[in-house]
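Let's take a walk through a protein, going from its overall layout to some of the details. Keep the picture handy as you read.

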Amino acid sequence: MSTTHRTASPLEVSGRAACMCDHGDVCSSFAPGHALHLIQARLASATPSEWADAIVERADAATGELRVRTLDGEEWALWSAQGAALEAAPGTPVALHRKYHVLAVGRVRFNVAV
């Protein structure tokens, strides 16, 4: 006797999926705020006019939350699971790619959730 194969719905699958950074391991997701995808990094590099210089106003390493203010006065609330808040203490100059949501802290790039 054969049993019918039941396919899980996308909602069920996404509800069960968990990023490895939730367990203290390397980030396994390219969702906003997680690992920086190569294509995202290349798109940010290819559109230099979208970068804005900014200063970190607040950084909470425990939650991964950052607040940056561009030199134009725009305030951005960001989140990163990859440790951007550890690298960018308050007062640190950074660059934010407004279109592709990449935060540059020195030579290190982070995918950030806005």
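Before we start, one bit of vocabulary: a residue counts as buried if its relative accessible area is under 20%, as exposed if that area is over 50%, and as partly exposed in between. Keep in mind, too, that what you're looking at is a predicted model.

Start with the big picture. The protein has three helices and six strands. If you follow the chain along its sequence, these elements come in the pattern α-α-β-β-β-α-β-β-β. Of the 114 residues, 31% are buried. The surface that the protein exposes comes to about 7400 Å², and carbon and sulfur atoms supply 55% of it. What about contacts across the sequence? Counting contacts between residues at least 6 apart in sequence, 51% join residues that are at least 24 apart.

Now look at the strands. Six strands form an open sheet, and their order in it is 3-2-1-4-5-6, with antiparallel pairing. Which strands sit at the edges? Those are strand 3 (75-79) and strand 6 (108-111), each of which pairs on one side only. Neighbouring strands in this sheet are turned against each other by 35 degrees on average, with direction ignored.

Let's zoom in on strand 4, residues 93-97. On one side, five bridges join strand 4 to strand 1 (residues 51-60), and the two run antiparallel. You can pick out individual partners here: Ile 55 stands opposite Pro 93, and Ala 54 has Val 94 as its bridge partner. Strand 4 is also joined to strand 5 by three bridges, again antiparallel. In that pairing, Leu 96 stands opposite Leu 103. Is strand 4 largely enclosed or left open? Four of its five residues are buried, so strand 4 is largely enclosed by the rest of the structure.

Strand 4 and strand 5 make a hairpin with four residues between the strands. His 101 is found in the loop that links them, and its backbone deserves a second look. Most residues other than glycine have a negative phi. His 101 is not a glycine, yet it has a positive phi of about 55 degrees. As for its surroundings, His 101 has a relative accessible area of 27%, so it counts as partly exposed.

Next, the inside. In soluble globular proteins, nonpolar side chains tend to be buried together. Here, the largest nonpolar core has 15 residues, and those with the most contacts inside it are Leu 66, Val 68, Leu 78, Val 94, Leu 96 and Leu 103. Which elements give two or more residues to this core? They are strand 1, strand 2, strand 3, helix 3 (84-87), strand 4 and strand 5. Two of these core residues may ring a bell: Leu 96 and Leu 103 were the pair standing opposite each other in strand 4 and strand 5. For a view from one core member, try Leu 78. Leaving aside neighbours within four places in sequence, Leu 78 is in contact with several residues, including Leu 66, Val 68, Leu 96 and Leu 103. Its contacts also include Val 112, Ala 113 and Val 114.

Finally, let's turn to the charged side chains. How many salt bridges are there? The count comes to five. Glu 75 is a good place to begin. The side chain of Glu 75 meets that of Arg 67 in a salt bridge, at 2.9 Å from N to O. Glu 75 also forms a salt bridge with Arg 69, where the closest N and O atoms are 2.6 Å apart. Together with Glu 57, these residues, Arg 67, Arg 69 and Glu 75, are linked in a network of salt bridges. How accessible are they? Arg 67 is partly exposed, because its relative accessibility is 25%. Arg 69 comes in at 30%, so it is partly exposed as well, and Glu 75, at 39%, also counts as partly exposed.

Another salt bridge joins the side chains of Arg 98 and Glu 74, at 3.0 Å from N to O. This pair links distant parts of the chain: Arg 98 is in the loop between strand 4 and strand 5 (102-105), while Glu 74 is in the loop between strand 2 (65-70) and strand 3, 24 residues apart. Arg 98 has a relative accessibility of 26%, so it counts as partly exposed. And here the opening vocabulary pays off: Glu 74 has a relative accessibility of 33%, so Glu 74 is partly exposed too.

Conventions. Residues numbered from 1 in each chain as written. Predicted model: local features only at pLDDT ≥ 70, side-chain atom pairs only at ≥ 80, totals over all residues. Heavy atoms only, no water. Pairing = 2+ DSSP bridges. Axes fitted to C-alpha atoms, helices over the stretch in contact; angles between N-to-C directions. Buried < 20%, exposed > 50% of the residue type's maximum accessible area, 1.4 Å probe, protein only. Contact = heavy atoms within 4.5 Å. Areas by Shrake-Rupley, 256 points an atom, 1.4 Å probe, with all protein chains shown as cover. Salt bridge = Lys/Arg side-chain N within 4 Å of Asp/Glu carboxyl O. Core = buried A, V, L, I, M, F, W, Y, C linked by side-chain atoms within 4.5 Å.
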